[in-house]
Amino acid sequence: MWSFESSSRATLAGVVAALLAACGFHLRGQAQLPFETLYIPGSSPLAVELKRNVAVASRTRLVDSVGDAQAVLGFTTELRDKVILSFNTAGRVSEYQLRYRVGIRVTNPKGAQVYLPTSEILVTRDMAYSDAQVLAKEAEEALLYRDMQSDMVQQILRRLVAAKPVPTQTE
């Protein structure tokens with residue numbers, strides 16, 4: 001026999017389930033890269049994290065040589081920069097902007113077919129600064145750069161998913 005309390009719980013559970021379904025939340029799932037094999041050169045922290053994400057989050061197989069790859073991802077630039085945003089009344093720095101800029105290009109192994117033309121991605125973070133907390137702010141800066149690197153990997157993956165062969169001038 002149903003009691004008022006158990007029917008209230010069932011109604012509440014139904015409302016919560018409907019709200020979760022309506023908000024559009026769903027797991028990221030696997031990225032559908034448009035190539036079967038991919039070569040990512042280098043052993044920089046960015047390249048290592050990108051390789052790990054491609055291996056885990058897609059069906060694309062990473063290869064160890066350019067000749068075995070259907071597509072080659074090349075890094076054209078990778079720069080970390082720190083710019084002063086503001087000063088305090090004593091003329092000391094009170095805020096920095098950290099910038100992480102990466103240029104990428106995706107081609108076939110010979111470079112003749114372009115899947116993703118040269119593009120640049122910029123990720124920024126603002127960071128308050130205090131002379132009294134130099135060591136803590138250095139650790140915070142390193143943590144922010146790691147976070148920016150993870151964001152950069154996700155943006156590169158989104159661009160790889162959208163990569164398509166670009167017709168050459170003669171076509």
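This report describes the fold, the sheet and two of the helices of a predicted model.

**Overall picture**

The chain holds three helices and five strands, and along the sequence these follow the pattern α-β-α-β-β-β-β-α. Of its 171 residues, 30% count as buried, while the accessible surface of the chain comes to about 11,100 Å², of which 56% belongs to carbon and sulfur atoms. Among the contacts in the chain with a separation of 6 or more, 66% are made by residues 24 or more positions apart.

Because the model is predicted, its confidence deserves attention. The chain averages a pLDDT of 86, and 83% of the residues score at least 70. Confidence is lowest in helix 1 (residues 4-22), where the mean is 68, and highest in strand 4, where the mean is 96.

**The sheet**

The five strands form an open sheet in the order 2-1-3-4-5, with mixed pairing. Its edges are strand 2 and strand 5 (114-128), each of which pairs on one side only. Three of the pairings are set out below.

| Strands | Sense | Bridges |
|---|---|---|
| strand 1 and strand 2 | parallel | two bridges |
| strand 1 (residues 37-39) and strand 3 (residues 71-87) | parallel | two bridges |
| strand 3 and strand 4 (residues 93-107) | antiparallel | 14 bridges |

Individual bridge partners show where these strands meet. Thr 37 has Arg 61 of strand 2 as its bridge partner, whereas Tyr 39 is partnered by Val 72 in strand 3. Further along the sheet, Thr 77 has its bridge partner in strand 4, namely Gly 103. Strand 3 and strand 4 also form a hairpin with five residues between the strands, and in this hairpin Gly 91 takes a positive phi near 85°.

**Helix 2**

Helix 2 (residues 45-57) has 13 residues, which at 1.5 Å a residue should span 18 Å, and its end C-alpha atoms are indeed 18 Å apart, so the expected and modelled spans agree. Which residues of helix 2 are buried? They are Leu 46, Ala 47, Glu 49, Leu 50 and Val 54. These residues cover an arc of only 165° around the axis, and therefore lie on the same side of helix 2. An α-helix has 3.6 residues a turn, so residues three or four places apart point the same way. The face of helix 2 turned away from this buried side carries the exposed residues Pro 45 and Val 56.

What covers the buried residues of helix 2? The cover includes strand 1, strand 2 (61-62), strand 3 and strand 4, together with helix 3. Strands from the sheet and a helix thus both take part in covering this side of helix 2.

**Helix 3 and Ser 150**

Ser 150 is placed in helix 3 (residues 134-162). Is Ser 150 partly exposed or buried? Ser 150 has a relative accessibility of 27%, and because a residue must fall under 20% to be buried and over 50% to be exposed, Ser 150 counts as partly exposed. Although Ser 150 and Asn 53 are 97 residues apart in sequence, their C-alpha atoms are 9.8 Å apart in space.

Definitions and conventions: Residues are numbered from 1 along each chain as its sequence is written. This is a predicted model: local features need pLDDT of at least 70, side-chain atom pairs count only at pLDDT 80 or more; totals for chains, interfaces and linings use all residues. Side-chain values use heavy atoms; hydrogens and water are left out. Two strands pair if DSSP finds at least two bridges between them. Helices (H or I, at least four residues) and strands (E, at least two) are DSSP runs, numbered from the N terminus. pLDDT is the predictor's confidence in each residue, from 0 to 100. Buried means under 20% relative accessible area, exposed over 50%, partly exposed in between (1.4 Å probe, protein chains only). Contact means heavy atoms within 4.5 Å. Accessible areas come from the Shrake-Rupley method with a 1.4 Å probe; for residues, only the protein chains shown count as cover. The expected span of a helix is 1.5 Å times one less than its number of residues. The arc is that of the directions from the helix axis to the C-beta atoms.
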